[in-house]
Amino acid sequence: MNILFADDTPTVRRLTSFVLERQGHTVKTVTDGDEVVTFLETLPCPDLVITDYHMPRMDGLEVLRYVRADNRFKHLPVIVYTTNDYPEFKSEIEKLEGVLVNKMAKELLVAVDAIVAGIAKRKG
């Protein structure tokens, strides 16, 4: 699976990319939501976007809103992760058909695996 991963912390980008690549995924990293938008507008669409919630210029919720507002990306899976547990934030993510996970590697991998299984099932 081709994954676009956005986080403004270099160590998190490196470690998460390493773990996802060890699981067999191809990972492209960017540093904020603006770079996610640039990537989506100029390069082949990834199979999945994973974005940190707290980033400069454009946060993860803004990324998800952008993705859902554009018909080209209507079905693009988006995982937003954070260390904060805001009930109203979770509700907003779910309304936009995103997935919210805590910033724990195990939770993130479980969410990625579920999306991979869903895509495989749709492809038949």
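Why does K95 count as exposed? Select K95 and you have the reason: its relative accessibility is 63%, and exposed here means over 50% relative accessible area, with buried under 20%, partly exposed in between, a 1.4 Å probe and protein chains only.

Before clicking on, some ground rules. This is a predicted model, so to speak of local features pLDDT has to be at least 70, side-chain atom pairs count only at pLDDT 80 or more, and totals for chains, interfaces and linings use all residues. Residues are numbered from 1 along each chain as its sequence is written, and side-chain values use heavy atoms, with hydrogens and water left out.

**Stop 1: the whole chain**

Switch to cartoon. The chain has five helices and five strands, where helices are DSSP runs of H or I with at least four residues, strands are E runs with at least two, and numbering starts at the N terminus. Follow the chain from that end and you read β-α-β-α-β-α-β-α-β-α.

Now zoom out. The C-alpha atoms fill a box of roughly 35 × 35 × 30 Å along the principal axes. The radius of gyration is 13 Å, which agrees with the value near 14 Å for a compact globule of 124 residues; it is taken over C-alpha atoms, and the globule rule is 2.2 Å times the number of residues to the power 0.38.

Turn on the surface: about 7,000 Å² is accessible, and carbon and sulfur atoms own 53% of that. These areas come from the Shrake-Rupley method with a 1.4 Å probe, and for residues only the protein chains shown count as cover. Of the 124 residues, 44% are buried.

**Stop 2: the cores**

Select V36, V67 and V80, the residues with the most contacts inside the largest nonpolar core, which has 22 residues. Such a core is a set of buried Ala, Val, Leu, Ile, Met, Phe, Trp, Tyr and Cys residues joined through side-chain atoms within 4.5 Å. At least two of this core's residues come from each of β1 (2-6), α2 (33-42), α3 (60-69), β4 (78-82) and α4 (87-95).

Stay on V80 and show what surrounds it. Setting aside residues up to four places away in sequence, V80 touches T51, Y53, G60, L64, F89, I93, V99, L100 and V101; contact means heavy atoms within 4.5 Å.

Next, pick L20, L109, A111 and V112. They are among the 15 residues of another core, apart from the one with V80.

**Stop 3: S17**

Go to helix α1, residues 10-22, and select S17. Is S17 buried or exposed? Its relative accessibility is 8%, so S17 counts as buried. Beyond its neighbours within four places in sequence, S17 is in contact with V12, V27 and T29.

**Stop 4: two loops with positive phi**

Jump to the loop between β3 (48-52) and α3, where R57 sits. Phi of R57 is near 70°, a positive value in a residue other than glycine. R57 is exposed, with a relative accessible area of 57%.

Then try the loop between α4 and β5 (99-102), which holds E97. E97 isn't a glycine, yet its phi is positive, at about 60°. E97 is exposed as well, with a relative accessible area of 60%.

**Last stop: back to K95**

K95 is in helix α4. Draw a distance from its C-alpha atom to that of E21: the two are 74 residues apart along the chain and 30 Å apart in space.
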